[in-house]
Each structure stands twice: as C-alpha cells, then as structure tokens.
Amino acid sequence: MTTYDPDTQRQLAVPVREPAGFVALYRRESEAVLAFCARRVLDPETAMDLTAETFAQAYRGRRGFRGTTEPEAKAWLLTIARRQIASFLKRGSMDRRATQRLGIQTPTLTPDQAEEIERRVGLPQLRVVLGEELARLSVDQRDALRLRVVEERSYEEVARSLGISEATARARVSRGLRALGVALGHTTIEEAGL
Amino acid sequence: MSDERRMPALDELGAEIERVAYADAERPRGRRRRWALFAVPAALTLAGAAYAATELLRGEPLRNPPGVVFRADEGVGVPKKVAGAVVAPLRFADPDGGPPWGVRVLKTTRDHGCIQIGRVDEGDFGVLGQDGLFGNDGRFHEWPADVVGESSCAPNDAAGHAFLAMSYSGLPASGTPKGCTVPAQLRSAGRYRDRMPAACPARDLRNVYYGLLGPLGKSVTYRGDDGKPHTVPATPGDGAYLVVVRPTRQRPARGMFIPSETPLTGLISVQYRDGRVCRIQFQPRSGHAVPCPRAGYVPHPPRTVPAGAVRSAVSLSEAPRPVASRRLPDGNIRSGYRRITIRFTARLASDSHSTYRYDLRLRHRPEDRCDTVNKRRARCQTGDTAGTIRRDISAGETVNETLVVSQLRSDPILEVTVRYYPVDPGLGGPGQGFVPDGGVLVGRATLPLRRIPAAERNRLLHP
C-alpha cells in the first residue's frame, strides 16, 4: 500500500474527473479504503462491499471534487467510506445504490482471499484489543458483540442465543460498535500502520 | 501491506472501476456538443454553454401513463425493492454516438425476470429527448425502475433465472418506440395513419437484439454495420446481452419486435460457458429459425393436480348495459361493447407459475342451420379466443373476471371453459398469449347472447 507524508502534498497528476485520474486514484488508495472499512466492520466481505460502494459513489460524484492533491483525494474517499460505514452500522444493511447504478460487480471473496484481507489488515490483533475493550461495555452490548464479532455468528443466531428480536440484536451490536469506535478513536490510519 | 502483492479481489474490483470509467469516456465528444446545441438556449452565458458541452442536460423522468398502475400481485408484478433493478454492466455504442445503449435487468415480485433497453448516462438508465419524445428537447430523461410498462419479461426458472430474447426491428435511437412511427408501419396503416405519431427519421432507426441467456450464456456473435462478424460478451449470472446495429436492406426496420425464449434472429451464433455454440439457423421451408437451447434452465418441480381437484361451478352473466360509446379520433362513434363476467371458486391457489385460463367460443345456434357455406353469413357468428387471469389467487377465492365483447352480428351462444394450469407457463408469463400444456378442467358454462338492435342499443347507452 502507498503511504504518504501529509507535508508532501503531492499534486494529482491527472484530475480524478478524468478516467485515467480516477483509475489511478483507485490503484493508489483502494487498499487503504479496504483496510479502513475492514478495521471498522471487522468483516472482509462487508469491507469489500463498502469499498466498492465507496468508489462507486466517488465516481458518481467525481465532478464535485475540488481538491488538487493526493491527500485531499484520499481524505475525500475516506469521508465517503466513513459515511458508508456509519450508515451500515446504523441500519445493519448495505447501501449498494451506486454500484448497482453503475453496474459494478463486487467480487465475491474466496475463503483464502478473506483470510488474506484479515491478515493484512490485522483483524486478529484488532479482535484481541476489542476483546479487552468489550469488557468495559454493558453486559447486553457485550454479549451481543461477543456473539456477532468474536464468534462471528449471524444476527439471527445472535438474536436466538440472547432471546431477543433480530432488530434488537442489530441495535445492540450497532450501539456496542459505536461505543467501541469511541473507545478506539485514537487509533488512526497512520498509527495502525495503514 | 505495502510490501506485498496487490490483493486479487481488489484487482477484480479495479477492473470493474476501469471498465465503467473508460466506457463513459468512450462517448464521442462531437455528438455531445451536438446535444448541447439542441439543449442550451442561446441566452445562456458562455460559461454555461461550456459546461453543457461536456454534460448531457437532464429532463423530467419517464412516467407510467396516467391511470396505469402496476401491482405486486398482478401481471409481471413490480420490481423488488432490494436489488430489484440493476443496470447491467453492458454498453453498446450507438452508430451516431451519444450516450451508449444499455440494459436494465429487473427481478419482480411475481418471480419474473425482465429486461429493459435504453440509453445510459453517468450510470443512469433512461431515454433521449429525440425522435418525437419529450418534444425533442435533446435532454437525457431518467427511466425509473418502477416504470415497467416497456419491459420484456419471462418467468424465472427454479434457479431464479429468466430466459428471454428480443429482436427489435426499427427501434428509434431515443431508446423507446413511443415518440415516432417507423415508416414501414405508416405505409401499412391506411386510414389510421393520421392517428399515429409522425415518421421516425430513417437515420435514427436501429435494430436491437437483447435478452437473457441464463447462467451459461457467454457471448453472442452478430454481423456488424461493417458486414463482419463481431462477438460481444454476455454478463455473468443472468447472461444479459445487447447488440445495436443500423437497419439494412437485408434487415430492414419494420417497427416490430419478436420475443422468444432464446435468440432466433438477428444474431449469427450464441456461445455458452460450457463450450457449446448455437448457430442461428433458418429452416428454408418454413422460414423459421431453429431455436437455441435454454442452457442451464432448471425446470420447476412438476406438480400433479388430480382431475376433479379444482372442479367448481362456472357461471356467466352479462351486465345490463353495454359499455358507453367512445368517439374515435377519426370521428366515428363506437358503442355497444358487452361486459360478460365469468365467476367461479378457485379451489387451488395460483401464482406466477400456475394460472387459471379461460377459453371462449362463440357458436351459432342449431336452429340457424349454418353449414360450411352459409357460415359466412351474418347470422352464423363463430369465433374462438382465450385469456388468462394474470394475478395471484388464493385457494377458496371467488373469482370474478369481466371481459368486454364487441358488438355481435348475430345471436350466438357463448361457451366458456376454465382450466387450471399447475405448470410454468413459459415465455411472457401467464396470459401473454402462450398456451401451456397440462390444463386441468375447472368447469364449463354457456350463455346465449342476443344481438342488440341499434335503436335499443342507443336507448341503453343514452337513457
């Protein structure tokens, strides 16, 4: 993945509104966006969907981007990604409008590919950190998050295990993740080595 | 992460991003400027004109005709809310440039797969304001997914795939046939031509071949405008394909379309992912093409309905008054349409993969003594027709289906037979003119009809 020094402020060689510029942006930043998403939703498949939707939305809105440097372009992408993640965590469902409108087929990950993403993004280590943070949450949220995130159960299984509705399970997981997000807010992209 | 090779999944997604980005860029600039000239009023500033030269202006979206409402449990249904309508990653450049052609694939609430054809701008699906459409405003008009009137649909197989091929001869470059009439149609319209929209400009007509080949569809080969064979890929999954060519003397624009389950005409061959190749062949004697296979089709499990399981009394009744008169555009008044209601109890439910169907026969009365010669006389009216009740029906529901029968020239007997079809009805869905096999008798009924003399008809119509 390409890292950048914020002080360098490299100018974009080709504006992102041009096909070559947008493709270059994808090549430069797609891994960063994927990692950004994966570390927030802890699921490679979901992260890939969010990455696809982020770039699709960016493509549709590329003419509105006024930046001229690579950091600005990256910040713009991550803002879109952050909005996607927030929407996903709030609603518990994926927004695929932009990818559908553009006819973009999101790759389906093989088990090996999913494992590779987990490894390269550092999800196993992150799960350990999260385990420690989980202990500080309320019992309800912790149980829901433990089942969903640590044991990777489906929402239906989480709901069944806890004797609650699926909507309630989603809400508890969502609130728990938000609380963890606040707790882990100091972990920026740069600090995580991304 | 930076020291390692790129992830294959990101490369796959990157290929999609690249395809979309460069497909948009392939639109010829010259054509876009022509559009801008049509669309930009002279009073606009230079800055505004410069922007318009790179952007296709938007107009109001397409809408269903007033009063037309599509219901989730009727006909082909409406698009499903989740992933109900997807602009397929297919683009085909128009011979005159402008936004590329594309198709949108729909999954509906009545388990149909549908395909729509139109133009694609910035990933949006729509039509162009030309060829008599939207006052030739030169703008792009988005086509919302719930406007399904122009869709071509087929019931899905057991695996959720639809198989459908459309051969459209003489579609205006606007993307829809609504705005103008193909000259060949006008020539054969006779006195009705005054009611039809103006003729389409000949250079704006296209022959368009599109459809859904199913999961094994890989590509189609067609003869291009240069006379050479070209091959274009079909989309993975549903096998959507699209070809747009100019009409020629050998393949003239007729203003008609031919639906079929697999490609019959317009293409040279179909290639499948399992290695099979189907060459489109014509039978010299009949002039019909040999159909390609529905590769990958998974039939619905057969359902056995014992004779008598759906038997029910069928009754017929006629409304006391004919349908009110209508003044046609040519000034003539047509009136006296009769309303006949078929009534029976549905003992089994029906959905998009099973259906109740009625056959109607007009028979002369025995006392008329019609034979093969005087059958042609006015008093010996006969005729057959049929229809399908195209909606979900629950078990035990009383079905009332009202038909409109035109004026009668004699006093025939109407015979109605209702059957239940527990089978996949094939192309077009129930009630689109394709008679499935395997009907189970529900019941029959007859109703003597009487010709209403003109004076009495007028009195009934205008009491």
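**Briefing: a sheet and a loop in chain B**

In β15(B), Arg279(B) is the residue that stands opposite Ser269(B). The model is predicted. Two topics are covered below: the open sheet of four strands in chain B, and the loop between β5 and β6 of chain B, where Asp131(B) and Phe134(B) are located.

**The open sheet**

- Four strands of chain B form an open sheet in the order β11-β10-β14-β15, and their pairing is antiparallel.
- At the edges of this sheet lie β11 (229-233) and β15 (277-279) of chain B, each of which pairs on one side only.
- From one strand to the next, the twist averages 20°.
- Strand β14 of chain B, which covers residues 267-272, is joined to β15(B) by three bridges, and the two strands run antiparallel.
- Strands of a sheet pair through backbone hydrogen bonds, in either a parallel or an antiparallel manner.

**The loop between β5 and β6**

- Asp131(B) lies in the loop that links β5 (124-128) to β6 (140-142) of chain B.
- The phi of Asp131(B) is near 55°, which is a positive value in a residue other than glycine.
- Asp131(B) is classed as buried because 25 other C-beta atoms lie within 10 Å, the cut-off for a buried residue being 20 or more.
- Phe134(B) is likewise placed in the loop between β5 and β6 of chain B.
- Although Phe134(B) is not a glycine, its phi is positive, at about 50°.
- Phe134(B) has 20 C-beta neighbours inside 10 Å and therefore counts as buried.

Conventions. Residues numbered from 1 in each chain as written. Chains lettered and ligands numbered in written order. Predicted model: local features only at pLDDT ≥ 70, side-chain atom pairs only at ≥ 80, totals over all residues. Pairing = 2+ DSSP bridges. Axes fitted to C-alpha atoms, helices over the stretch in contact; angles between N-to-C directions. Buried ≥ 20, exposed ≤ 12 C-beta atoms within 10 Å, placed from the backbone.
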